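Student: I would like to go through this model with you and ask, for each term, what entitles us to use it.

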Amino acid sequence: MKHIRSISEIGKSGVLAIIDRAKQMAEINSRPIPKVPALRGKTVVSLFLEDSTRTRLSFETAAKRLSAETMNFSVSNSSVNKGESLRDTIETISDMGVDAFVVRHKSSGIPWQIEQWTDASIINAGDGAHQHPTQALVDCFTIAESLGTISFEGLTISIVGDIRHSRVARSNVEAFAMLGAKVILVAPNTLLPPDIDHWPVTVSTEIDDVIRETDILYMLRLQSERMDQGLIPNLSEYGNRFGLTEKRVAILPSASRIMHPGPMNRGVEMQVDPSLLSQSLIHRQVANGVSVRMAVLFTALTFNDDRENAIERLAKETAQ
Ligand code: NCD
């Protein structure tokens, strides 16, 4: 796996391998000094052409904990503002000798386009409304940690909200279904994607109809920045119909868990304070983001090395 760009591209065996590797990384992160030399000599560039807090910082932290060099690119003070094309930007950075680009871009498909302009690994940190594979890996890892197993057979996961604009939903549906879960999407018709018939899901337009059979309630942010038309009547009506309210938390089965990829719209999809909910896995999602992205970087950046040696070295490092 030189590139990590979509869940279908890495496949079930790739998902399982990265989650397995992330357990080793979590062990490193539990040490007083959470740092190993596994990626010494490698250079990772963060190329975020769209806003981000947790994905960008967790990738940076992950690279540093594996001793990779990091380069940070921000549009606001780059030559993009002088009209430089994405191709020239990628080729320029590549010429400096980099091993991986971690890319976030508002257009779907950019990670595949970039492959033509560089020999480096490409890691998709979100392309338009298309894919966000590392978020899906983080979420699968977090659910597996909570369940104590990576098999999601018999599990019902309800993803609620703005599915249409969500790359997280697209990656998560694929990954959850791959691991055996039953996935229910809950949204108003206007926030469902047009090709929904081809997704491995069932669909409901009423959260109250599914909440009692839900093991994992996965709330999504209403992505106002991607909406160019009035797809919902107003925020408060949307919040009443699709938001997580105290009443809904009360009817959620006691063993069920609540997730959200962040950032949250408090008072819209999140009408309760999630930090007060014992069922919330949201802090685990953020914490696991670092371990899973360490596993992603390690996997992509050692694809060409003597892998057995690299894995053995990592195992020794983690055993210390
Ligand atoms: C998501 C994203 O950017 O796709 N956030 C994230 O990476 N944790 C979801 C969102 O923006 O709603």
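**Ligand contacts and fold**

Student: What makes the approach of Gln223 to the ligand a polar contact?

Tutor: An oxygen atom of the ligand is 3.2 Å from an N or O atom in the Gln223 side chain, and because a polar contact is a pair of N or O atoms within 3.5 Å, the term applies. Arg221 offers an N or O side-chain atom 2.7 Å from a ligand oxygen, and Gln135 has one 3.3 Å from a ligand nitrogen. Taken alone the ligand exposes 320 Å², of which the protein buries 95% (Shrake-Rupley areas, 1.4 Å probe).

Tutor: A caution on the basis: this is a predicted model, in which local features need pLDDT of at least 70 and side-chain atom pairs count only at pLDDT 80 or more, while totals for chains, interfaces and linings use all residues. Residues are numbered from 1 along each chain as its sequence is written, and side-chain values use heavy atoms, with hydrogens and water left out.

Student: Which elements give two or more residues to the shell around the ligand?

Tutor: They are H2 and helix H6 (167–178), where helices are DSSP runs of H or I with at least four residues and strands are runs of E with at least two, numbered from the N terminus. The residues around the ligand include Arg54, Thr55, Arg167 and Val168, each with a heavy atom within 4 Å of the ligand.

Student: How do you know that S1 and S2 pair?

Tutor: Strands pair if DSSP finds at least two bridges between them; S1 (residues 43–48) and S2 (residues 69–74) have 6, in the parallel sense, and therefore the term holds. Thr43, for example, has Glu69 in S2 as its bridge partner.

Student: Why is the unit of S1, H2 and S2 called right-handed?

Tutor: S1, helix H2 (residues 54–65) and S2 make a right-handed β-α-β unit, so called because, with the strands pointing away from the viewer, the path from the first strand over the helix to the second runs clockwise.

Conventions:
Polar contact = N/O pair within 3.5 Å; in protein donor to acceptor, adjacent residues only side chain to side chain.
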